[in-house]
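Thanks for coming, everyone. Let's take a quick walk through this one. Please have a look at the screen.

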Amino acid sequence: MTQNTHNTENTRAAAPRLTLVTGGTGKTGRRVAARLTERGLPVRIGSRGSEIPFVWEEPDTWDAALEGVGAVYLCYYPDLAFPGAAEAVGAFARRAVDRGARRLVLLSGRGEEGALISEGKVKDSGADVTVVRASWFSQNFSEGFFLEPVLAGELTLPTGDAVEPFVDVDDVADVAVAAFTDDRHIGRTYELSGPRLLGFDEIAAELSKATGREITYAPVALEDYRDFLVSVGAPEDFADLFELINDGRNAHLVDGVEEALGRRPRDFTAFAADAARTGVWQP
């Protein structure tokens, strides 16, 4: 073997693996992809509109998206707790391993029985798996399905006086990227929350302070909210997710952010101030 050949082989061996980021244009996926790219790691965005399309409901798109991939960020839409999610995620995880991927990081949800089934199927794939279980996102109020109510000035939701430890999506992305870049996270399950419990009346007050506008909270019955979802063409199964807030199963803080990153999670007040500066809540 010549010296030049030896050097070429070492370069090839050291080449960073390609990471497929499913949901790569969504709240967590685009942040994960950006952070990996900033670290000089190659990324393929997995979404319906990508150059190589990836669609969860169309398995014939999976192989092309997995070509040359060594790691995958698994972010299932609309939610791991929905019917059929476990079967789809499990089948995809097995396909990914068969195609050569060894590292899988799964975004899951705290307290979701259906999500636990999906987690098990991903672990059964034989890959090196990290599970990131997150509370509801703070960014749901700036990038998700709570944005329109904030713009309208009233959070009309079926949450009564329940509380939730909203987690910042930037913390979720930081934990996911740590899992991709440090082998000590293999086999771990991290439960993530923010640093305090907040009721939706407190959320409304935080948003009012950040926006300089009056944002109110108006609780409604769950079935009325389900009817509203149907009227706007949203999946009515989203209404069932509010049970995760209403029954109190997640009404406690967890330390996954500190455990994985060695720092405190970001508070809702800081999120709201930063989001307000972007102008997203200007009517």
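Start with N140. This is a predicted model, and in it N140 sits in the loop between β5 (128–134) and α6. Is N140 buried or exposed? Its relative accessibility is 5%. Buried means under 20%, so N140 counts as buried. What does N140 touch, beyond residues up to four places away in sequence? K27, F145, F146 and L147.

Now move one residue along, to F141. Leave aside its neighbours within four places in sequence, and F141 is in contact with F146, L147, V150, L155 and F166. Its contacts also include F200, I203, L207, F268 and W281.

That brings us to the cores. The largest nonpolar core has 32 residues. Which of them touch the most other members? F141, L155, L207, F268 and W281. Several elements give two or more residues to this core. They are α6 (147–152), β6 (154–157), α8 (200–211), α9 (222–231), α10 (238–241), α11 (243–246) and α13 (268–277). The most comes from α13, which gives five residues. Another core, of 27 residues, lies apart from this one. Among its members are F54, A65, L104 and V122.

Keep V122 in mind, and go to the helix pairs. First pair: α4, residues 85–98, and α5, residues 113–123. Their axes are 8 Å apart, and the packing angle is about 15°. An angle under 35 degrees counts as roughly parallel, so that is how α4 and α5 run relative to each other. Their crossing is right-handed. Who makes the contact? From α4, it is A85, A86, E87, V89, G90 and A93. From α5, it is I117, S118, K121 and V122. So V122 turns up again, here in the α4 and α5 contact. By type, the contact residues split into six nonpolar, two polar and two charged.

Second pair: α2, residues 29–38, and α7, residues 169–181. At what angle do their axes cross? Roughly 50°, and the axes come within 9 Å. That angle makes α2 oblique to α7. This crossing, of α2 and α7, is right-handed. On the α2 side, the contact uses R31, V32, R35 and L36. On the α7 side, we have V169, D170, A173, D174, A176, V177, F180 and T181. The α2 and α7 contact residues divide into seven nonpolar, one polar and four charged.

That's the tour. Over to you for discussion.

Notes: Residues are numbered from 1 along each chain as its sequence is written. This is a predicted model: local features need pLDDT of at least 70, side-chain atom pairs count only at pLDDT 80 or more; totals for chains, interfaces and linings use all residues. Side-chain values use heavy atoms; hydrogens and water are left out. Axes are lines fitted to C-alpha atoms, for helices over the stretch in contact, and angles run from 0 to 180 degrees between N-to-C directions. Helices (H or I, at least four residues) and strands (E, at least two) are DSSP runs, numbered from the N terminus. Angles under 35 degrees count as roughly parallel, over 145 as roughly antiparallel, 65 to 115 as roughly perpendicular and the rest as oblique. A crossing is left-handed if the near helix is turned anticlockwise from the far one by less than a right angle, and right-handed if clockwise. Contact means heavy atoms within 4.5 Å. Ala, Val, Leu, Ile, Met, Phe, Trp, Tyr, Cys and Pro count as nonpolar, Asp, Glu, Lys and Arg as charged, and the others, Gly among them, as polar. A nonpolar core is a set of buried Ala, Val, Leu, Ile, Met, Phe, Trp, Tyr and Cys residues joined through side-chain atoms within 4.5 Å. Buried means under 20% relative accessible area, exposed over 50%, partly exposed in between (1.4 Å probe, protein chains only).
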